[in-house]
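Okay everyone, thanks for coming. Let me put the sequence and the structure up, and then I'll talk you through them.

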Amino acid sequence: MNDISFIGWLGAITFVVAYFLLSAGVMTAKRIPYHFLNAVGGICLVINSISIDDPPNFFVNLIWAVIAIYAILRILKLNRKNLVTDTENG
């Protein structure tokens with residue numbers, strides 16, 4: 001197994017672990033760790049798809065990673081907003 005293939009397998013395993021933990025109720029989509037695992041998995045699979053010249057796999061995993069990063073940024077923004085609101089209501 002070459003280094004890039006290892007990265008692809010790491011991405012696939014990361015996706016499966018994230019989905020299992022979500023399904024088992026250990027994680028929630030309202031928290032950063034779930035989306036972080038999806039972003040890491042997507043980026044790993046993007047790297048792998050570039051190395052094997054697989055445009056459909058590249059596209060779907062790039063979009064998956066972008067959505068996960070968007071979700072992380074959204075959660076961070078909501079957390080900051082709630083922190084400011086809590087501080088103001090103090």
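I'll start with confidence, then go through the helix packing, and finish with a few single residues.

So, this is a predicted model. How confident is the predictor? The protein chain averages a pLDDT of 93, and 93% of the residues score at least 70. If you split that up by element, confidence is highest in helix α2, at 97, and lowest in helix α3, residues 55-89, where the mean is 91. A general reminder while we're on this: where pLDDT is low, predicted coordinates should not be read in detail.

Okay, packing. In general, you describe two packed helices by the angle between their axes and the distance between the axes. What do we get for α1 and α2? Helix α1 covers residues 3-23 and helix α2 covers residues 32-51. They pack at an angle of about 150°, and their axes are 7 Å apart. The cut-off for roughly antiparallel is over 145 degrees, so α1 counts as roughly antiparallel to α2. And if you care about handedness, the crossing of these two is left-handed.

Now, who is touching whom? On the α1 side, the residues in the contact include Ile4, Ser5, Ile7, Gly8, Phe15, Ala18 and Leu22. Over on α2, they meet a set that includes Tyr34, Leu37, Asn38, Gly41, Gly42, Cys44, Ile47 and Asn48. How does that contact divide into nonpolar, polar and charged? It comes out as 14 nonpolar, 9 polar and no charged residues.

Let me zoom in on a couple of those. Ile7 lies in α1. Is Ile7 buried or exposed? Somewhere in the middle: its relative accessibility is 24%, so Ile7 counts as partly exposed. Setting aside its neighbours within four places in sequence, Ile7 is in contact with Cys44 and Ile47. Ile7 and Ile43 are 36 residues apart in sequence, and their C-alpha atoms are 9.2 Å apart in space.

Then there's Asn38, which is found in α2. Asn38 has a relative accessibility of 5%, so it counts as buried. Which residues does Asn38 touch, not counting those up to four places away in sequence? That would be Phe15, Ala18, Trp64 and Ala68.

Back on α1, have a look at Trp9. Trp9 counts as exposed because its relative accessibility is 52%, and the cut-off for exposed is over 50%. Trp9 sits 39 residues from Asn48 in sequence, with 8.6 Å between the C-alpha atoms.

On to the loops. Val26 is in the one between α1 and α2. Val26 is exposed, with a relative accessible area of 60%. Measuring tape out, so to speak: from Val26 to Tyr70 is 44 residues in sequence and 22 Å in space, C-alpha to C-alpha.

In the loop between α2 and α3 you'll find Asp53. What's the phi of Asp53? It's near 55°, which is a positive value in a residue other than glycine. Asp53 counts as exposed, at 64% relative accessibility.

Last stop, helix α3, and Arg80 in it. Arg80 has 57% relative accessibility, so it counts as exposed. How far is Arg80 from Ser5, C-alpha to C-alpha? They are separated by 39 Å, and by 75 residues along the chain.

If you take one thing away, take the pair we started with: α1 and α2, roughly antiparallel, with no charged residues in their contact. Okay, over to you.

Note on methods
Residues numbered from 1 in each chain as written. Predicted model: local features only at pLDDT ≥ 70, side-chain atom pairs only at ≥ 80, totals over all residues. Heavy atoms only, no water. Axes fitted to C-alpha atoms, helices over the stretch in contact; angles between N-to-C directions. Helix = DSSP H or I, 4+ residues; strand = E, 2+ residues; numbered from the N terminus. Parallel < 35°, antiparallel > 145°, perpendicular 65-115°, else oblique. Left-handed = near helix turned anticlockwise from the far one by under 90°. Contact = heavy atoms within 4.5 Å. Nonpolar A, V, L, I, M, F, W, Y, C, P; charged D, E, K, R; others polar. Buried < 20%, exposed > 50% of the residue type's maximum accessible area, 1.4 Å probe, protein only. pLDDT = per-residue confidence, 0-100.
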